[in-house]
Amino acid sequence: MTPNNNIILPEPTLRRLPWYLAYVEILKARKTEYVSSTQISRALNVDSSQIAKDLSFLSLKGKTRIGYEVDALVETLAEFLGFRTSHKAYVFGAGSLGLALMQDSGLSKYGLEIIAGFDIDPKKTGTIVAGVPIHNIDDITEVMQKTPASIGILTVPVECAQETADIAIGEGIKAIWNFTPYRVKVAEGIVMANTSIYAHLALIFNRLNAEQ
């Protein structure tokens, strides 16, 4: 199924749909044929009525008292979320996190193909990690012309985040996935997603301290 581009999904729904996909993929591996909203609810601790509402955005109907066909639900969710289409990306910052992302073969399963990395360290530039070449950031124009990408993944030091994002967008990058704790500013029309490891770490620490 192809997503309806005229529908803007609420962000909470978009965050939950991958949970459902991960769960039904487990069921598919177990050869389970059908799953209901109630079953998904028990497994993921999400209200069943919310699950039904979220899945209503898909052009897939469940069967009364039986539920959704697992194989069809897996494919529909994966297609709807864009995981069945390859999206090319650059990693900016070849530190430990950037290198880990380059070597994460699981990302390609969900449609993210990292085709190049960028850094300023001469010890890293010119090397290849897991088949991904690492270039000097000064060469981005040439690389973009030869092997263009639409997504830029920021794993640079915080003080370089805004400047790097500006360079990437200036060269034609259309979306930024920001792993730095700095809140990068982008122009209207640029897709922006922040994944704050440190914010979640602070949340964990705060909750742990509250329990003591």
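Where in the chain is Ala-149 found? Ala-149 sits in the loop between helix 7 (140-146) and strand 7 (151-154). We will come back to this residue after a look at the whole protein. Please keep in mind that what you see above is a predicted model.

Let's start with the overall picture. The protein has 212 residues, and 38% of them count as buried. Its secondary structure consists of 9 helices and 9 strands. Along its principal axes, the C-alpha trace spans about 60 × 50 × 35 Å. The accessible surface comes to about 12,600 Å², with 54% of it belonging to carbon and sulfur atoms. If you take the contacts between residues at least 6 apart in sequence, 59% of them join residues at least 24 apart.

Now step inside. In soluble globular proteins, nonpolar side chains tend to be buried together. Here, the largest nonpolar core has 23 residues, and Val-35, Leu-55, Leu-73 and Leu-77 have the most contacts inside it. Helix 1, helix 3 and helix 4 each supply at least two residues of this core. Apart from it lies another core, this one of 19 residues, including Ile-140, Ala-149, Val-184 and Ile-190.

Helix 4 is a good guide to the 23-residue core. This helix covers residues 70-80, and Val-70, Leu-73, Val-74, Thr-76, Leu-77, Ala-78 and Phe-80 are buried in it. What covers them? The cover over the buried residues of helix 4 includes helix 1 (11-29), strand 1 (34-35), helix 2 (37-44), helix 3 (48-55) and strand 2 (68-69). Take Leu-73 as an example: setting aside residues up to four places away in sequence, Leu-73 touches Val-24, Val-35, Ile-40, Leu-55, Leu-58, Leu-60 and Tyr-68. Just after helix 4, Gly-82 takes a positive phi of about 85°.

Let's return to Ala-149, one of the residues of the 19-residue core. Is Ala-149 buried or exposed? Ala-149 counts as buried because its relative accessibility is 7%, below the 20% cut-off. Leaving out residues up to four places away in sequence, Ala-149 touches Lys-88, Ala-89, Tyr-90, Ile-115, Met-144, Gly-172 and Ile-173. One of these neighbors, Gly-172, is 23 residues apart from Ala-149 along the chain, and the two C-alpha atoms are separated by 8.2 Å.

Not every buried residue is nonpolar, and Thr-13 in helix 1 makes a nice stop. Thr-13 is buried, with a relative accessible area of 3%. Which residue does the side chain of Thr-13 meet in a polar contact? The partner is the side chain of Asp-54, at 3.0 Å. Beyond residues up to four places away in sequence, Thr-13 touches Asp-54 and Phe-57.

Charged side chains come next. The structure holds 7 salt bridges. In one of them, Glu-11 pairs with Arg-15, their closest N and O atoms being 2.6 Å apart. Glu-11 and Arg-15 are 4 residues apart in helix 1, so they are separated by about one helical turn. An α-helix has 3.6 residues a turn, so residues three or four places apart point the same way. Glu-11 is partly exposed at 48% relative accessible area, while Arg-15 is exposed at 52%. A similar spacing appears in helix 7, where Lys-146 and Glu-142 lie 4 residues apart, about one turn of the helix. The closest N and O atoms of this salt bridge are 3.0 Å apart. Lys-146 counts as exposed at 62% relative accessibility, and Glu-142 as partly exposed at 43%.

Another salt bridge reaches further along the chain. Lys-109 pairs with Glu-25, the closest N and O atoms being 3.9 Å apart. Lys-109 lies in helix 6 (residues 106-109) and Glu-25 in helix 1, so this pair ties together parts that are 84 residues apart in sequence. Lys-109 is partly exposed at 49%, whereas Glu-25 counts as buried at 18%. Elsewhere, Lys-28, Glu-75 and Arg-84 are linked in a network of salt bridges.

Our last stop is on the surface. Leu-97, Ile-197, Tyr-198, Leu-201, Ile-204, Phe-205 and Leu-208 form a nonpolar patch there, with about 650 Å² of accessible area together. Helix 9 (residues 197-211) gives the patch its largest share, 6 residues. Leu-208, found in helix 9, is partly exposed, with a relative accessible area of 47%.

How values were computed. Residues are numbered from 1 along each chain as its sequence is written. This is a predicted model: local features need pLDDT of at least 70, side-chain atom pairs count only at pLDDT 80 or more; totals for chains, interfaces and linings use all residues. Side-chain values use heavy atoms; hydrogens and water are left out. Buried means under 20% relative accessible area, exposed over 50%, partly exposed in between (1.4 Å probe, protein chains only). Contact means heavy atoms within 4.5 Å. Patches are made of residues with over 30% relative accessible area and no salt bridge: like charges are joined within 9 Å, nonpolar side chains (Val, Leu, Ile, Met, Phe, Trp, Tyr) within 5 Å. Accessible areas come from the Shrake-Rupley method with a 1.4 Å probe; for residues, only the protein chains shown count as cover. A salt bridge is a side-chain nitrogen of Lys or Arg within 4 Å of a carboxyl oxygen of Asp or Glu. A nonpolar core is a set of buried Ala, Val, Leu, Ile, Met, Phe, Trp, Tyr and Cys residues joined through side-chain atoms within 4.5 Å. A polar contact is a pair of N or O atoms within 3.5 Å; within protein, one must be able to donate a hydrogen and the other to accept it, and residues adjacent in sequence count only if both atoms are side-chain atoms.
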